[in-house]
Amino acid sequence: MRVPDRPYVLLSVAASVDGYIDDNSDQRLLLSNDEDFDRVDEVRAGVDAILVGANTIRRDNPRLLVRSQERRHARVAEGKSESPIKITLTSKGELDPAASFFAAGDVTKVVYAPSAALAHVEGAVGEVSDVVAAGDPIDLNIVLDDLAARGVRRLMVEGGGTVHTQFLSAGLVDELQLVVAPFLVGDRQAPRFVGEALFPQDSGHRMNLAEVRQIGDVVLLRYLPKRGADV
Ligand SMILES: NC(=O)c1ccc[n+]([C@@H]2O[C@H](COP(=O)([O-])OP(=O)(O)OC[C@H]3O[C@@H](n4cnc5c(N)ncnc54)[C@H](OP(=O)(O)O)[C@@H]3O)[C@@H](O)[C@H]2O)c1
């Protein structure tokens, strides 16, 4: 049987000028503006799955649904679910089944866990999601292959920093959409866009800058990392 192609991986992030994706308070820091949130909604509507790390679920409690009714209807007209399926990664399994990630939207939720943690994670969220072993430790290649087998052609990775770092350092990102917000955070306790890692660019590769778009007071930078690696 032919193995389906890996999904196209689109990593989306909003960061302050100094590279932070949140501050260190309990309130979620809003980095974008309304026009950009609507752009992100359009991007969401165009993918088959959205992935966030377990810490983003714990800290932000995101719904990860397509907001625009028009876009939801358009998806349904194309034979898709109203919103993309939701994906997360966890080892600890400290996830609340009542969190919006699981409770909001009539879409499949998939939780990838290391094989050794499978039973524990199933105990936590097995009733509200498909819990899948993805290596020990988790291998993102196994995750992408499993998503491909589920029919996912386009995957949107929406953070946080731990997840961004892994996808970028593994060279698995086809497109990076970075929105720069017009302020500084300047708090080393706050989460950054990426942590320390060996990135493919370390070896001298430059990402291909595909687009620069001003959206009100923020700017969208669109990079195609893999294409840059061929140069
Ligand atoms: N500005 C933006 O665009 C944006 C977008 C999203 C999030 N954020 C911010 O990002 C912050 C959270 O980022 P974060 O780096 O702390 O966390 P994160 O990336 O959201 O999640 C990290 C957690 O995901 C699980 N995980 C990730 N990779 C794994 C792997 N390979 N194997 C097993 N489990 C894995 C682990 O969960 P367990 O601990 O459960 O094992 C890990 O602790 C929040 O402040 C949020 O507001 C900002």
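**Loops, core and ligand shell of a predicted model**

Asn61 is partly exposed, because 15 other C-beta atoms lie within 10 Å, and a residue counts as buried only at 20 or more. Asn61 sits in the loop between H2 and H3. The model described here is a predicted one. In it, Asn61 has a positive phi of about 50°, although it is not a glycine. Most residues other than glycine have a negative phi. Leu64 belongs to the loop between H2 and H3 as well. Leu64 also has a positive phi, of about 60°, and is not a glycine. With 26 other C-beta atoms within 10 Å, however, Leu64 is buried.

The loop leads to helix H3, residues 69-77. H3 is hardly covered: of its nine residues, the count of buried ones is zero. Just after H3 comes Gly79, with a positive phi of about 85°.

The overall fold can now be set out. The protein has eight helices and nine strands. Its radius of gyration is 17 Å, close to the 17 Å given by the globule rule for 231 residues, so the protein is as compact as a globular protein of that length. The C-alpha trace spans about 40 × 40 × 40 Å along the principal axes. Buried residues account for 35% of the 231 residues. Contacts often reach far along the chain. Of those between residues at least 6 apart in sequence, 68% join residues at least 24 apart.

Leu11 gives a view of such packing. This residue lies in strand S1. Leu11 counts as buried because it has 24 C-beta neighbours inside 10 Å. Beyond its neighbours within four places in sequence, Leu11 is in contact with Val157, His164, Phe167, Val173 and Leu176. Phe167 is 156 residues away along the chain, yet the C-alpha atoms of Leu11 and Phe167 are separated by 8.4 Å.

Two helices show a buried side. In H5 (residues 118-125), Val121, Ala124 and Val125 are buried. These three cover an arc of only 70° around the axis, so they lie on the same side of H5. Their cover includes helix H4 (100-103), strand S4 and strand S5 (130-133). In H6 (residues 140-149), the buried residues include Leu140, Val143, Leu144 and Leu147. Here the arc is only 95°, which puts these residues on the same side of H6. An α-helix has 3.6 residues a turn, so residues three or four places apart point the same way. The buried residues of H6 are covered by elements including S2, S4 (109-113), S6 (154-157) and H7. Gly151 follows H6 and has a positive phi, near 90°.

Strand pairing was examined around S9. S9 (residues 218-224) pairs with S7 (residues 175-181) in the antiparallel sense, over five bridges. Within this pairing, Leu178 has Leu221 of S9 as its bridge partner. S9 also runs antiparallel to S8 (residues 208-215), to which seven bridges join it. Val212 stands opposite Leu221 in S9. Leu221 thus has a bridge partner in Leu178 and stands opposite Val212. S8 and S9 form a hairpin with two residues between them. In the turn, Gly216 has a positive phi of about 60°.

Two peptide bonds are cis. Most peptide bonds are trans. One cis bond joins Asp136 and Pro137, with omega about 5°. Pro137 is in the loop between S5 and H6. Another cis bond joins Gly159 and Gly160, with omega about 0°. Gly160 is in the loop between S6 and H7.

Both of these glycines recur at the ligand. The shell around the ligand holds 28 residues, of which Gly53, Asn55, Thr56, Gly159 and Gly160 come nearest. At least two shell residues come from each of S1 (8-16), S2 (49-53), H2 (54-60) and H7 (161-169). H2 gives the most, with five residues. By type, the shell divides into eleven nonpolar, ten polar and seven charged residues.

Conventions:
Residues numbered from 1 in each chain as written. Predicted model: local features only at pLDDT ≥ 70, side-chain atom pairs only at ≥ 80, totals over all residues. Near = placed C-beta within 6 Å. Helix = DSSP H or I, 4+ residues; strand = E, 2+ residues; numbered from the N terminus. Nonpolar A, V, L, I, M, F, W, Y, C, P; charged D, E, K, R; others polar. Buried ≥ 20, exposed ≤ 12 C-beta atoms within 10 Å, placed from the backbone. Arc of directions from axis to C-beta. Contact = placed C-beta atoms within 7 Å. Rg over C-alpha atoms; globule rule 2.2 N^0.38 Å. Pairing = 2+ DSSP bridges.
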